Amino acid sequence: MIALIAYLALVLVLLLFLVGISIYTLFLIYSSLMGSPYVPTKQKEAEIILAEACLKKGKYLVELGCGDGRILRTAAKKYRLRGTGIDVNPILILIARIKAHWQKLKAIKFQTKNIFNTDIRQADYVYLFLMPNLIAKLKPKLEEELKPKSVVISHGFPIEGWKKVQFKKLDRRPFSTYYYRLT
């Protein structure tokens with residue numbers, strides 16, 4: 001009888017695991033269909049990207065397509081920034097919230113939301129790691145809503161037509177990072 005209960009418990013655990021992996025996979029596919037796949041930036045790379053941005057304590061960072069919130073969490077921890085992370089994937093947002101809670105980071109929040117429905121007018125910094133076609137669609141929103149002197153950090157791909165406001169390019173493999181200061 002105990003062996004049967006143990007067997008059923010094991011089957012239940014495996015079933016829950018498979019359901020969880022399936023849900024996670026479906027949300028990753030959903031993220032890709034919405035414009036950009038989830039590709040986490042390595043922690044060391046995140047630290048280099050943020051160090052090159054010369055972030056100032058107390059400023060506000062919006063991470064569009066934040067995934068697990070690694071950039072925002074690092075900025076909050078190392079540079080004492082406030083901020084918001086936005087992603088369409090609720091599972092990644094849950095992971096970001098849990099990690100921020102474990103790290104006791106209270107000045108940041110994460111929202112499951114479409115990046116086009118996000119208010120970025122208060123942002124001093126915007127970080128994005130998105131596909132070029134999504135960046136092109138996002139560009140008018142950035143131009144319209146961001147205040148002068150806001151910094152946009154685009155990891156992976158340049159923002160077409162912004163060469164005049166680009167103040168730095170960090171050449172790294174596999175992705176370069178582009179820094180822009182709006183006028």
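The exercises below treat burial, aromatic pairs and salt bridges in a predicted model.

Residues are numbered from 1 along each chain as its sequence is written, and side-chain values use heavy atoms, with hydrogens and water left out. Local features need pLDDT of at least 70 and side-chain atom pairs count only at pLDDT 80 or more, while totals for chains, interfaces and linings use all residues.

**Exercise 1.** State where I135 is placed and decide whether I135 is buried or exposed.

Solution. Helices are DSSP runs of H or I with at least four residues, strands are runs of E with at least two, and both are numbered from the N terminus. I135 belongs to helix α5. Buried means under 20% relative accessible area, exposed over 50%, and partly exposed in between (1.4 Å probe, protein chains only). The relative accessible area of I135 is 2%, so I135 is buried.

**Exercise 2.** Classify the ring pair of F129 and F175, and locate both residues.

Solution. Rings of Phe, Tyr and Trp (its six-membered ring) pair if their centres lie within 6.5 Å; planes under 30 degrees apart are stacked, over 60 edge-to-face, and the rest tilted. By this rule there are four aromatic pairs. The ring centres of F129 and F175 lie 5.0 Å apart with planes at 70°, so this pair is edge-to-face. The pair links distant parts of the chain, 46 residues apart: F129 sits in the loop between β4 (125-128) and α5 (132-145), and F175 in the loop between β6 (166-170) and β7 (177-181). F129 is buried at 16% relative accessibility, whereas F175 is partly exposed at 25%. Ring pairs also join F129 and F175 with F157 in a cluster.

**Exercise 3.** Identify the salt bridges of D68 with R70 and with K99, and describe the burial of D68.

Solution. A salt bridge is a side-chain nitrogen of Lys or Arg within 4 Å of a carboxyl oxygen of Asp or Glu. The structure has nine salt bridges. D68 meets R70 at 2.7 Å, N to O, and meets K99 at 3.7 Å, N to O. The partners D68 and K99 are 31 residues apart, with D68 in the loop between β1 and α3 (70-79) and K99 in helix α4 (residues 90-102). D68 has a relative accessible area of 5% and is therefore buried. R70 is likewise buried, at 18%, but K99 is partly exposed, at 27%. Salt bridges with shared partners connect D68, R70, R73 and K99 in one network.
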